[in-house]
Amino acid sequence: MKQKLRVPSWLDNMAKTEWKRVRELLDLETFNETDLKALEAYCQAYAKWKRCEIILMDKGYTFTTPNGYEQQRPEVSISNNALSDMQSISKELGFTPASRIRMDKNRGEGSSGGSNGKVHDQEMEDMIS
C-alpha cells in the first residue's frame, strides 16, 4: 500500500501544487527522509523558477538603469540557478528517463539471479573489455 506524503505547510502555494503533481510519480516504497528534503528543495526551486519566468515573460530579460544602461534583470540569474537546482535534484529523485534507467539497473544488481542483474553485468563486461 502506497503511503501518502503530506505537503509541508511551509511550502508556498506554487511549490505545494508541484509537490502534489510529482508525488504521484514517486516510488514511495523506497522513499526516505533524505528524499523528502530533496523533494522539498525541488518544489521550492520549481516555484522560484516559475515565478521568475512569469516576470521575465511580462517584463523582458533586461531593463534600463536610471543612468541609461541596459542591464539583465536579476530574475534571469535567479531563474537559471533554480532551473539548475531542479535539474540536479530531479536526477536524484529519478524524474528523468536516464536516472530511472540507472535506478532500475542498480536495483537489479542486488537481486539474486534476476535477468536485470545479468543484463547489467554483461553491459559492464562489454564496457570494460
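Q: Where do Tyr46 and Trp49 lie, and how far apart are they in sequence?
A: In this predicted model, both residues belong to helix H2, and three residues separate them, about one turn of the helix.

Q: What makes Tyr46 and Trp49 an aromatic pair, and why is the pair called tilted?
A: Their ring centres are 5.9 Å apart, and rings pair if their centres lie within 6.5 Å. The planes stand at 45 degrees. Planes under 30 degrees apart would count as stacked and planes over 60 as edge-to-face, so the rest, this pair included, are tilted.

Q: Why does Tyr46 count as buried?
A: Its relative accessibility is 16%. Buried means under 20%, so Tyr46 meets the condition.

Q: Is Trp49 buried, exposed or partly exposed, and how do you know?
A: Trp49 has a relative accessible area of 24%. Because buried requires under 20% and exposed requires over 50%, Trp49 is partly exposed.

Q: How many aromatic pairs does the count give?
A: The count comes to two aromatic pairs.

Q: Why is the pair of Tyr42 and Phe95 called edge-to-face?
A: The centres of these two rings are 5.2 Å apart and their planes meet at 80 degrees. An angle over 60 degrees counts as edge-to-face, so the name applies here.

Q: What makes Tyr42 and Phe95 a link between distant parts of the chain?
A: Tyr42 sits in helix H2 (residues 33-59), while Phe95 is in the loop between H3 and helix H4 (97-109), and the two are 53 residues apart. Both Tyr42 and Phe95 are buried.

Q: How far is Ser88 from Tyr42, in sequence and in space?
A: The two are 46 residues apart in sequence, and their C-alpha atoms are 9.0 Å apart. Ser88 is found in helix H3.

Q: Why is Ser88 called partly exposed?
A: Its relative accessible area is 40%. That value is neither under 20% nor over 50%, so Ser88 falls in between.

Q: How do you know that the span of helix H3 agrees with what is expected?
A: At 1.5 Å a residue, the 20 residues of H3 (residues 74-93) should span 28 Å. The end C-alpha atoms are 29 Å apart, which agrees.

Q: Which residues of H3 are buried, and why are they said to line one face?
A: The buried residues are Glu75, Val76, Ser79, Ala82, Met86, Ile89, Ser90 and Leu93. Seen down the axis of H3, they fall within an arc of 165 degrees, so they line one face of the helix. On the other side, Asn81 and Glu92 are exposed.

Q: What comes just after H3?
A: Gly94 follows, with a positive phi of about 80 degrees.

Q: How does the span of H2 compare with the one expected?
A: H2 has 27 residues and reaches 39 Å from its first C-alpha to its last, close to the expected 39 Å.

Q: Which parts of the chain do the buried residues of H2 pack against?
A: They pack against helix H1 (13-23) and H3. Among the buried residues of H2 are Leu36, Leu39, Cys43, Ala45 and Leu56.

Q: Why does Ala47 count as buried, and what does it touch?
A: Ala47 lies in helix H2. Its relative accessible area is 0%, which is under 20%, so Ala47 is buried. Not counting residues up to four places away in sequence, Ala47 touches Asp12, Met14 and Ala15. Ala47 and Met14 are 33 residues apart in sequence, yet 5.4 Å apart in space, C-alpha to C-alpha.

Q: How do you know that Cys43 and Cys52 are buried?
A: Cys43 has 0% relative accessibility, which is under 20%, so it counts as buried. Cys52, at 7%, is also under 20% and therefore counts as buried.

Q: How many disulfides does the structure hold?
A: The structure holds zero disulfides.

Q: Why is Arg73 called buried, and where is its place?
A: Its relative accessible area of 14% is under 20%, so Arg73 is buried. Arg73 is in the loop between strand S2 (70-72) and H3. Leaving aside neighbours within four places in sequence, its contacts include Ile55, Leu56, Gly60 and Phe63.

Methods. Residues are numbered from 1 along each chain as its sequence is written. This is a predicted model: local features need pLDDT of at least 70, side-chain atom pairs count only at pLDDT 80 or more; totals for chains, interfaces and linings use all residues. Side-chain values use heavy atoms; hydrogens and water are left out. Helices (H or I, at least four residues) and strands (E, at least two) are DSSP runs, numbered from the N terminus. The expected span of a helix is 1.5 Å times one less than its number of residues. Buried means under 20% relative accessible area, exposed over 50%, partly exposed in between (1.4 Å probe, protein chains only). The arc is that of the directions from the helix axis to the C-beta atoms. Rings of Phe, Tyr and Trp (its six-membered ring) pair if their centres lie within 6.5 Å; planes under 30 degrees apart count as stacked, over 60 as edge-to-face and the rest as tilted. A disulfide is a pair of cysteine sulfur atoms within 2.5 Å. Contact means heavy atoms within 4.5 Å.
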